[in-house]
Amino acid sequence: MKRDLPALALYEQVKEFISRKIQDGTWPAGHRLPSEHELVAQFGVARMTVNRALRELVAQGRITRLAGVGSFVAEDKPQSTLLQIANIASEIRQRGHDYRCEMLAVERIAAAPDVAVWLGLQSGASVFHSVCLHRENDTPVQLEERYVNPLVVPDYLAQDFEVMPPSEYLVRNVPFDQIEHLVDAVLPSPEQAERLAMSLTEPCLLLTRRTWTRTTPVTWVRCLHPASRYRLGSRFRADGNPSFG
């Protein structure tokens, strides 16, 4: 158990411990987690602290809890196959529509536990963070939140992303050899709904992507699309290779 992160909230230390066990495969899907009592004793924290960590992991879909039974690593959700990194700017312009990228944040921050896990960094390590809104004919179609490993892309913050959006810049300048795509159906938060000019009850498609270069994580990005304005998919041959043209 790590004790070298005094600035990290106690419940986040519990979350990070559990998340890393899941991420590195030590605790596979269906594995039963230590009880609240065991986690309280292990971390020397209050039961309400452990309970908050577990509740947030349930909300993130990483674990499930059965009353009177215990907590378990959640089963993986079925995944759609999306074989390419889409260039949303090119897609919109190819339809003959106007495209605009509105940057809402470009900053250096300390990695939260979940970000650190996905990028293979220590909690609190420096990461680059950007948020942008992609518009088609001035209608918002995608809200993108991205975390970038500064060890791989040290010049990320110096770019003009309203000229070249983050995804296009990374594809052009950082060679990648692995891509992971996950797609979930979700409802937007109040802030997300406001930015996307949509109702809180309207469903969204959430595309989560990670890329690697030589086994080193490059970026973790979440792209939120109003389902009524956007769809995700791919076309590929029977041998599994992408089909173009």
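## Salt bridges, rings and surface of a predicted model

R95 has a relative accessible area of 42%, which makes this residue partly exposed. The structure is a predicted model, and its values are therefore computed from predicted coordinates.

R95 forms a salt bridge with E136, in which the closest N and O atoms are 2.9 Å apart. This pair links distant parts of the chain, since R95 sits in the loop between α4 (88-94) and β3 (99-110), while E136 belongs to strand β4 (residues 126-136), 41 residues apart. Where R95 is partly exposed, its partner E136 is buried, with a relative accessibility of 12%.

A second salt bridge involves the residue next to E136 in the numbering: the side chains of R135 and E102 meet with an N to O distance of 3.0 Å. Because E102 lies in strand β3 and R135 in strand β4, the pair ties together parts that are 33 residues apart in sequence.

Helices are joined by a salt bridge as well, since E56 and K15 meet through their side chains at 2.9 Å, N to O. Here E56 comes from helix α3 (residues 47-59) and K15 from helix α1 (residues 10-23), so that distant parts of the chain, 41 residues apart, are linked. The bridge is part of a network of salt bridges that links K15, R52 and E56. R52 also has an aromatic neighbour, for its charged end sits over the ring of Y11, 3.7 Å from the ring centre. The whole structure contains 13 salt bridges, and the table gives the accessibility of residues taken from the three pairs described above.

| Residue | Relative accessible area | Class |
|---|---|---|
| K15 | 10% | buried |
| E56 | 23% | partly exposed |
| R95 | 42% | partly exposed |
| E102 | 23% | partly exposed |
| R135 | 15% | buried |
| E136 | 12% | buried |

The aromatic side chains form a further group of contacts. A pair of aromatic rings is described by the distance of the centres and the angle of the planes. Eight aromatic pairs are counted in the model. In one of them, the rings of Y147 and W220 have centres 5.8 Å apart and planes at 25°, and the pair therefore counts as stacked, the cut-off for this class being under 30 degrees. The pair links distant parts of the chain, with Y147 in strand β5 (residues 139-148) and W220 in strand β8 (residues 216-226), 73 residues apart. Y147 and W220 are both buried. R222 lies over the face of W220, at 4.7 Å from the ring centre. Elsewhere, F128, Y156, F161 and Y169 are linked by ring pairs into a cluster.

At the surface, a nonpolar patch is formed by V171, F176 and I179, which together have about 220 Å² of accessible area. I179 is found in strand β6 (residues 178-186), and its relative accessibility of 34% is the reason why this residue counts as partly exposed.

For the protein chain as a whole, there are seven helices and eight strands. Of the 245 residues, 42% are buried, and the chain exposes about 13,400 Å², of which carbon and sulfur atoms supply 51%. Among the contacts between residues at least 6 apart in sequence, 61% join residues at least 24 apart; the stacked pair of Y147 and W220, 73 residues apart, also links distant parts of the chain.

Key: Residues numbered from 1 in each chain as written. Predicted model: local features only at pLDDT ≥ 70, side-chain atom pairs only at ≥ 80, totals over all residues. Heavy atoms only, no water. Patch = residues over 30% accessible without salt bridge, like charges linked within 9 Å, V, L, I, M, F, W, Y side chains within 5 Å. Areas by Shrake-Rupley, 256 points an atom, 1.4 Å probe, with all protein chains shown as cover. Salt bridge = Lys/Arg side-chain N within 4 Å of Asp/Glu carboxyl O. Helix = DSSP H or I, 4+ residues; strand = E, 2+ residues; numbered from the N terminus. Buried < 20%, exposed > 50% of the residue type's maximum accessible area, 1.4 Å probe, protein only. Contact = heavy atoms within 4.5 Å. Phe/Tyr/Trp six-rings, centres within 6.5 Å; stacked < 30°, edge-to-face > 60°. Lys NZ or Arg CZ within 6 Å of the ring centre and 35° of its normal.
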